[in-house]
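Grab a pencil and have the viewer open. These are a few short exercises, each with its solution worked out.

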Amino acid sequence: MKKIRLTILVSLALALLLSIGVHGASNPIGIAINGTPVTFTQDTGMPFLDKNGRTQVPLKVVLNAMNVEVLWDGTKREVTVDGYRKVRIPIGQKYLYVGVGEGEKTAIDTAAVIVGGKTYIPIAAVLTYSQRSCNVTWDNATRTVVIAQQGLTPNTTAHIPAEKITYLEWYDENALGNDKITLDKSQFGKKMFSIEENGKDRLYHVISGKITLSTKSTSVTMDIPETKFRDWDVEKNQQTVFEQTFNGITMRIYTSINDDNPNHIMFKGADLVKAGIITAENKAFDY
């Protein structure tokens, strides 16, 4: 009985492999990334349409071509795609875990599979949740999945509606780092000078230069002309808060009586969303 059952299982597996191979040979499916076709062989595995009508692609060859890190957990039978957002893909399950930590369980309409020792993933669903500004379309004339990794400009937004994006009201340098946003202040400068006002010396800050906020796929540069603002308000014994918008991003600077360098800079979260710097729930901590 065991031998008969094993024979049936082997026969079914071979039939599945042959059906995929024949389907791929007679009606091949192509993958193009930023206009460049991906090369598939029998060793890498061939893309195919599953029973749900979704394109399954060999995991490693496609995501490697996109420079996306992929990890395999053999114990859990789970793939982790570490893109703009981390996505865990359980084999054989119609859901993903999206985000850091345990991630949010997110339903999809098909499942990743292992065929012939190779892992296949539903490429459209995985890229939708793991990548930012990445469009996936189907060209029926050439039977090609077209993947376009697009950088965003300050006047565009990501594919996820703004009302579904979670973000802080203001971001300082630590919060930006938590959300994998790089802050480059290397071309940003300041100086201080004193002006006599009403018989008293008043300290002023002068800032100028460029500040660049960037992620893996896009960046926004704030061009800051020479701008002056008051230092600590001695009479009121309180911080001076400078706030102004440059290139669509509102910047806020807090002064300190013990620090002549206005380095406590914050950026308005809603402006970062509009600029495409923040596009989804990519936070590393529960704010």
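The exercises go from the whole chain to one sheet, then to one strand and one residue.

**Exercise 1. The whole chain**

Take stock of this predicted model: how many helices and strands does the chain have, and what percentage of its residues count as buried?

*Solution.*
- Start with the secondary structure: you should get five helices and 21 strands.
- Next, burial. The chain has 287 residues, and 40% of them count as buried.
- Then look at the surface, which comes to about 15,800 Å² of accessible area, with 51% belonging to carbon and sulfur atoms.
- Finally, check sequence range. Take the contacts with a separation of 6 or more: 52% of them are between residues 24 or more positions apart.

**Exercise 2. An open sheet**

Work out the strand order of the open five-stranded sheet, and say which strands form its edges.

*Solution.*
- Trace the pairings across the sheet and you read 5-6-7-8-9, with antiparallel pairing.
- The ends of that order are strand 5 (69-73) and strand 9 (104-107), each of which pairs on one side only.
- As for the twist, neighbouring strands in this sheet are turned by 25° against each other on average, ignoring direction.
- Now go to the strand 9 edge. Strand 8 (residues 95-98) pairs with strand 9 in the antiparallel sense over four bridges, and Leu96 has Thr106 in strand 9 as its bridge partner.

**Exercise 3. Strand 7**

Why can strand 7 be called largely enclosed, and which strands does it pair with?

*Solution.*
- Count the buried residues, using the cut-off of under 20% relative accessible area. Strand 7 (residues 86-90) has five residues and four of them are buried, so the strand is largely enclosed by the rest of the structure.
- On to its partners. Strand 6 (residues 78-82) pairs with strand 7 over five antiparallel bridges; one pair of bridge partners is Val79 and Ile89.
- With strand 8, strand 7 pairs over two bridges, again in the antiparallel sense. Here Val87 stands opposite Val98.
- Last, look at the turn. The hairpin of strands 7 and 8 has four residues between the strands, and Gly92 takes a positive phi near 80° there.

**Exercise 4. Thr144**

Is Thr144 buried or exposed, and which residues is it in contact with beyond its neighbours within four places in sequence?

*Solution.*
- Find the residue first: Thr144 belongs to strand 13 (residues 144-149).
- Thr144 has a relative accessibility of 14%, so it counts as buried.
- List the contacts, skipping neighbours within four places: Gly30, Ile31, Ala32, Thr137, Trp138 and Asp139.
- Now compare sequence with space. Ile29 is 115 residues away from Thr144 in sequence, yet their C-alpha atoms are 5.6 Å apart.
- One more for the side chain: Thr144 makes a polar contact of 3.0 Å with the side chain of Thr142.

Notes
Residues numbered from 1 in each chain as written. Predicted model: local features only at pLDDT ≥ 70, side-chain atom pairs only at ≥ 80, totals over all residues. Heavy atoms only, no water. Buried < 20%, exposed > 50% of the residue type's maximum accessible area, 1.4 Å probe, protein only. Contact = heavy atoms within 4.5 Å. Areas by Shrake-Rupley, 256 points an atom, 1.4 Å probe, with all protein chains shown as cover. Pairing = 2+ DSSP bridges. Axes fitted to C-alpha atoms, helices over the stretch in contact; angles between N-to-C directions. Polar contact = N/O pair within 3.5 Å; in protein donor to acceptor, adjacent residues only side chain to side chain.
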